[in-house]
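Trainee: Please take me through one part of this model closely. I would like the helix at the far end and its surroundings, then how they relate to the rest.

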Amino acid sequence: MKIFTSAQIKELDRYTIEHEPIPSIDLMERAAKALTRAITDVWSNTVPVVVFAGPGNNGGDALAVSRLLAEQGYQVSVYLFNISGHLAEECAANKKRLIEARRIKEFIEVTQEFDPPRLEKGMLVVDGLFGSGLNKPLAGGFASLVKYINSASAEIVSIDVPSGLMTEDNTYNVRANTIRANLTLTLQQPKLAFLFPENQMFIGQLRVLDIRLSQEGIQKIEANYTVLEESEIRAMLLGRDPFAHKGQMGHALMIAGSYGMAGAAILATRACLRTGVGKVTVHTPKKNRDILQIAVPEAVLQFDPEETIFSEAVETEDFNALGIGPGLGQSETTAIPLIAQLRRATCPVVVDADALNILASHRAWLQQLPKGIILTPHAKEFDRMEGHSADSYERLTKARHLAERIQGYVILKGRYTAICMPDGHVMFNPTGNAGMATAGSGDVLTGIITALLARGYKTEDACVVGVYLHGLAGDLAARDLGEESLIAEDIIRYLSRAFKRLKE
């Protein structure tokens with residue numbers, strides 16, 4: 001699913017109007033009917049409704065919804081804000097229709113002074129002030145109105161986008177001047193800002209309403225951002241030859257686990273094996289011998305010369321993929337062999353955890369990374385590498401630029417993990433849940449992606465399939481076990497079910 005910018009949303013509207021073809025006022029009526037159905041699904045006509053409409057197309061939607069709600073017996077009071085004395089064409093047309101219908105309880109057009117209505121518990125506020133076209137923070141009277149609405153006990157439903165929230169970049173927005181909706185009814189497709197954690201307080205529950213915008217237009221408009229869909233993942237899966245042997249299913253090398261952190265190596269290795277790789281060799285300090293031999297008997301162990309840390313790069317000619325970083329430690333004695341290992345790797349590489357933290361301490365080394373490398377940071381690890389970000393949009397922008405700069409893949413982990421490609425494209429993963437916010441979850445992802453690379457997946461496909469599988473396994477585990485009790489080992493145990501679901 002593509003995620004469009006505000007400018008592209010307007011372009012898609014125009015394309016639909018021109019190529020369906022359909023008059024713009026009729027397209028607005030189509031959207032209003034979808035919005036009205038969604039509202040009546042939740043609130044009965046015994047709930048008093050107060051509608052705040054702005055002067056643009058979002059206000060036009062709100063006026064049309066007001067009329068349709070009134071036709072279904074709702075008691076609707078409408079406040080249309082026309083401070084500048086100019087309404088958008090469709091907004092003006094819907095104002096005329098609303099007045100002529102004579103069904104609403106009250107209509108007030110605000111041109112100067114505004115005496116706000118009482119908003120009480122048991123009432124519904126429909127926010128139609130500003131939609132996806134907003135490009136600067138609200139100020140003055142509109143900021144005061146938003147604060148007044150937020151302070152009330154009434155429930156709030158926002159049309160398309162909560163007023164005050166911009167569809168992409170809210171880095172310099174004024175958060176206090178943004179509607180905090182209980183329900184956001186967005187049109188056709190989610191907006192980029194909806195995928196960021198700091199904006200969830202404004203969105204509330206999200207519903208995406210299909211208003212039948214042109215599918216041809218959606219296909220033609222290029223988007224920098226997309227959300228993964230299960231059908232895409234199914235198409236990427238590689239089969240297993242009935243006559244395959246382990247030598248044909250890939251040999252992965254995992255460099256992980258300083259002394260005391262063997263658990264990270266175990267989790268990454270088990271995940272690698274559960275993802276179908278033929279063979280895994282674990283390079284680890286000598287003191288991890290017993291625990292790894294017992295915990296992962298299927299793995300081949302290769303011991304570092306040092307007792308407790310990774311100290312010496314190894315040859316990779318015999319391996320199909322390398323995963324490095326889980327539990328590695330951040331000793332300076334480990335730093336030099338790490339960059340040597342990355343520079344001399346002859347197979348695809350996944351870098352995680354302490355390996356990322358070492359790179360953050362030696363940022364000049366980022367320019368020495370091999371093309372096609374995969375970095376898998378969470379937000380804090382990424383900020384250590386690229387500096388503090390004010391919000392998720394700024395961090396995502398930096399991640400995109402880093403992927404382009406190193407010509408590699410940056411997997412920025414989170415609720416909607418962002419896979420940043422070397423060409424600047426970003427794919428968001430919809431699977432996963434809050435129960436996966438647990439120690440070792442990232443080590444499991446490293447093992448999964450490393451296994452897919454070793455099995456012969458293209459680098460991009462390994463990233464995409466790996467992230468989706470990881471989240472899907474977590475979702476299936478949470479369904480059975482609950483989010484609170486989920487641990488990293490459960491994600492590994494449910495990988496088999498995730499594969500079965502995708503293949504069925």
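Mentor: What follows starts with one helix and works outward.

The model is predicted. Begin with helix α18, residues 495–503. Which of its residues are buried? They are Leu-495, Ala-498, Phe-499 and Leu-502. Why do they fall on the same side of α18? Their arc around the axis is only 100°, so they share that side. The general rule is that an α-helix has 3.6 residues a turn, so residues three or four places apart point the same way.

Next, the cover. Several helices lie over the buried residues of α18, including α8 (230–236), α9 (262–274), α15 (441–455), α16 (459–481) and α17 (488–493). Three of these names, α9, α15 and α16, will come back below.

Take α9. Ile-266 sits in this helix. Is Ile-266 buried or exposed? Its relative accessible area is 8%, under the 20% cut-off, so Ile-266 is buried. Leaving out residues up to four places away in sequence, Ile-266 touches Ile-291, Leu-292, Ala-295 and Val-296. Ile-104 is another matter. Ile-266 and Ile-104 are 162 residues apart in sequence, and their C-alpha atoms are 66 Å apart in space.

Now α16. This helix gives the largest share, 11 residues, of the largest nonpolar core. That core has 59 residues. Which residues have the most contacts inside it? They are Ile-374, Ile-419, Val-444, Ile-449, Val-464 and Val-465. Look at Val-444. With residues up to four places away in sequence left out, Val-444 touches Leu-267, Ala-271, His-470, Ala-488, Ile-491 and Ile-492. Another core lies apart from the largest one. This other core has 46 residues, among them Leu-192, Leu-253, Ile-339 and Cys-347.

Then α15, which leads to a sheet. The sheet is open, with 11 strands and mixed pairing. Its order is β1-β9-β18-β17-β16-β15-β14-β13-β10-β11-β12. At the edges are β1 (2–3) and β12 (300–303), each paired on one side only. Helix α15 packs on this sheet and touches β10 (251–255), β13 (321–324), β14 (349–351), β15 (374–375) and β16. The direction of α15 makes about 150° with that of β10. Within the sheet, β16 (409–412) and β17 (418–420) are antiparallel and pair over three bridges. Val-410 stands opposite Cys-420 of β17.

A second open sheet is worth setting beside that one. This sheet has seven strands and parallel pairing, in the order β4-β3-β2-β5-β6-β7-β8. Its edge strands are β4 (106–110) and β8 (205–209), each with pairing on one side only. On average, neighbouring strands here are turned by 15° against each other, direction ignored. Helix α4 (89–101) packs on this sheet, touching β3 (76–81) and β4. The direction of α4 makes about 150° with that of β4. Strands β6 (155–159) and β7 (183–187) run parallel, joined by three bridges. One partnership there is that of Ser-158 with Thr-184 in β7.

Finish at the other end of the chain. Lys-10 lies in helix α1, residues 6–19. With a relative accessibility of 48%, Lys-10 counts as partly exposed. Lys-10 and Gly-133 are 123 residues apart in sequence, yet 8.4 Å apart in space, C-alpha to C-alpha.

Key:
Residues are numbered from 1 along each chain as its sequence is written. This is a predicted model: local features need pLDDT of at least 70, side-chain atom pairs count only at pLDDT 80 or more; totals for chains, interfaces and linings use all residues. Side-chain values use heavy atoms; hydrogens and water are left out. Two strands pair if DSSP finds at least two bridges between them. Helices (H or I, at least four residues) and strands (E, at least two) are DSSP runs, numbered from the N terminus. Axes are lines fitted to C-alpha atoms, for helices over the stretch in contact, and angles run from 0 to 180 degrees between N-to-C directions. Contact means heavy atoms within 4.5 Å. Buried means under 20% relative accessible area, exposed over 50%, partly exposed in between (1.4 Å probe, protein chains only). The arc is that of the directions from the helix axis to the C-beta atoms. A nonpolar core is a set of buried Ala, Val, Leu, Ile, Met, Phe, Trp, Tyr and Cys residues joined through side-chain atoms within 4.5 Å.
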